[in-house]
Amino acid sequence: MTISNKQASNIAAVLTEALPYIRQFHGTTLVVKYGGNAMVDETLKNTFARDIVLLKLVGINPIVVHGGGPQIGNLLERLNIQTRFVGGMRVTDGETMDVVEMVLGGLVNQDIVSIINANGGRAVGITGKDGDLIRAEKLNLSQPGPETDVPEIIDIGHVGAVAEVNPEILRTLVQENFIPVIAPIGAGPDGTSYNINADLVAGRIAEEVSAEKLILLTNTAGILDESGVTLPTLSANEARALVKSGVISEGMLPKTHCALSALANGVSSVQILDGTAPHALLLEIFTDAGIGTKITNDE
Ligand SMILES: Nc1ncnc2c1ncn2[C@@H]1O[C@H](COP(=O)(O)OP(=O)(O)OP(=O)(O)O)[C@@H](O)[C@H]1O
Ligand SMILES: [Mg+2]
């Protein structure tokens, strides 16, 4: 293949622009949440996998945490299992949890592992149960009761929160140059399985491994304001105000919460990006422009 002078200078410019970022992030840990909504097609999944492999090859240590809401919905539908949502969360009885565990820990997790490995990486798929990575606790939702102001506790079954993270298995894998790929499932004290929102898992893991950066790949261009315009930067206070006013809602809520917690607990930067845009990860990390929404600590 021959390339024109213009192409050559473009390629050289791109590599030169990346150099200071490679130097800055070399040896650091990067936690990437790969949203179920961003796993749109095989081509995109392949570009994601190649980005992850490239990061590893230039000395950055990616840890992938994945979601899989749409994929769980698909299998439940195929199996004719009805579920309902309360406050954006799926009420998960034992039968539903079996499907959640099969889809997240089996299908989705191993799909990402194979694609990374097919692109030259060495990924290892685990759930939060492996190596006792994530201890879960049951999440109880409360909402105002129908007639009184006394909040009503709603049992949403096997939906959990992170109680404790034991990151040793991640350190071992990263040290041996593996790329951990984590399904957001944890075990309660008695071994019961819980499905935990993957954003919250990614945030806690980023805190525990002292990640330099937490990147959340989703299906919107970032956090949008009330008129649908992407906000390039957002301070913690501004983010809290958008939650209060309801501009940030549903699936964006756990992202915002985990971003604020991660920033408060030593993670330097949190970025929400459109994972359905090709090479979103590389563009964010290696170019001057940056994309999506960056959430920062208050001054
Ligand atoms: N202010 C906002 N800006 C952008 N998106 C918002 C906002 N408020 C709510 N959302 C919703 O949040 C969604 C993203 O979260 P969602 O949980 O659906 O995806 P995900 O976390 O990437 O996937 P998964 O939950 O499977 O891991 C967006 O598609 C949008 O509908
Ligand atoms: Mg989500």
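Which helix holds both glutamate 42 and lysine 45, and how many residues apart are they? Both lie in helix H2, 3 residues apart, about one turn of the helix. The views below come from a predicted model.

**View 1. A salt bridge within helix H2 joins glutamate 42 to lysine 45.** The closest N and O atoms of the two side chains are 3.1 Å apart. How do the two residues stand, buried or exposed? Glutamate 42 is partly exposed, because its relative accessibility of 45% falls between the limits of 20% and 50%. Lysine 45, at 11%, counts as buried. This pair belongs to a total of 10 salt bridges.

**View 2. Tyrosine 34 and phenylalanine 48 form a stacked ring pair.** The count of aromatic pairs in the model comes to 1. The ring centres are 3.7 Å apart and the planes meet at 5 degrees, so the pair is stacked. The limit for stacking is 30 degrees. Tyrosine 34 belongs to strand S1 (residues 29–34), and phenylalanine 48 to helix H2 (residues 42–57). The pair thus links distant parts of the chain, 14 residues apart. Both partners are buried: tyrosine 34 has a relative accessible area of 1%, and phenylalanine 48 has 6%.

**View 3. Eight strands make an open sheet with mixed pairing.** The order is S5-S8-S2-S1-S11-S13-S14-S12. Which strands form the edges? They are strand S5 (123–127) and strand S12 (233–235), each of which pairs on one side only. Neighbouring strands are turned by 20 degrees against each other on average, direction ignored. Helix H7 (residues 236–244) packs on the sheet. Helix H7 touches S12 and strand S14 (293–296), and its direction makes about 90 degrees with that of S12.

**View 4. Strands S1, S11, S13 and S14 pair in sequence across the sheet.** S1 and strand S11 (residues 213–218) run parallel, joined by 5 bridges. Here lysine 33 stands opposite leucine 216 in S11. S11 also pairs with S13 in the parallel sense, over 6 bridges. At that seam leucine 217 faces leucine 273 in S13. The pairing of S13 with S14 is antiparallel and covers 3 bridges. Isoleucine 272 has threonine 293 in S14 as its bridge partner. Why is strand S13 (residues 269–274) described as largely enclosed by the rest of the structure? Because 5 of its 6 residues are buried.

**View 5. Lysine 213 and glutamate 284 meet in a buried salt bridge.** The N to O distance is 2.8 Å. Lysine 213 sits in strand S11, and glutamate 284 in helix H9 (residues 280–286). These positions are 71 residues apart, so the contact links distant parts of the chain. Lysine 213 is buried, and so is glutamate 284. Elsewhere, a network of salt bridges links Lys33, Asp199 and Lys255.

**View 6. Lysine 138 and aspartate 155 bridge two strands.** Their side chains meet at 2.6 Å, N to O. Lysine 138 lies in strand S6 (residues 134–144) and aspartate 155 in strand S7 (residues 151–165), 17 residues apart. Lysine 138 is partly exposed, with a relative accessibility of 34%.

**View 7. Threonine 92 is buried in a loop.** The loop runs between strand S4 (89–90) and helix H4 (94–118). Threonine 92 counts as buried because its relative accessibility is 1%, and the limit for buried is 20%. Which residues does threonine 92 contact, leaving aside its neighbours within four places in sequence? They are Met97, Val100, Ile156, Gly157, His158 and Val159.

**View 8. The charged end of arginine 122 sits over the ring of phenylalanine 178.** The distance to the ring centre is 4.1 Å.

**View 9. Glycine 191 occupies the loop between strands S9 and S10.** Strand S9 covers 185–187, and strand S10 covers 193–196. Glycine 191 is partly exposed, with a relative accessible area of 43%. How far is the C-alpha atom of glycine 191 from that of asparagine 117? The two atoms are separated by 31 Å, and the residues are 74 apart along the chain.

Key: Residues are numbered from 1 along each chain as its sequence is written. Chains are lettered from A and ligands numbered from 1 in the order in which they are written. This is a predicted model: local features need pLDDT of at least 70, side-chain atom pairs count only at pLDDT 80 or more; totals for chains, interfaces and linings use all residues. Side-chain values use heavy atoms; hydrogens and water are left out. Helices (H or I, at least four residues) and strands (E, at least two) are DSSP runs, numbered from the N terminus. Buried means under 20% relative accessible area, exposed over 50%, partly exposed in between (1.4 Å probe, protein chains only). Contact means heavy atoms within 4.5 Å. Rings of Phe, Tyr and Trp (its six-membered ring) pair if their centres lie within 6.5 Å; planes under 30 degrees apart count as stacked, over 60 as edge-to-face and the rest as tilted. A charge sits over a ring if NZ of Lys or CZ of Arg is within 6 Å of the ring centre and within 35 degrees of the ring normal. Two strands pair if DSSP finds at least two bridges between them. Axes are lines fitted to C-alpha atoms, for helices over the stretch in contact, and angles run from 0 to 180 degrees between N-to-C directions. A salt bridge is a side-chain nitrogen of Lys or Arg within 4 Å of a carboxyl oxygen of Asp or Glu.
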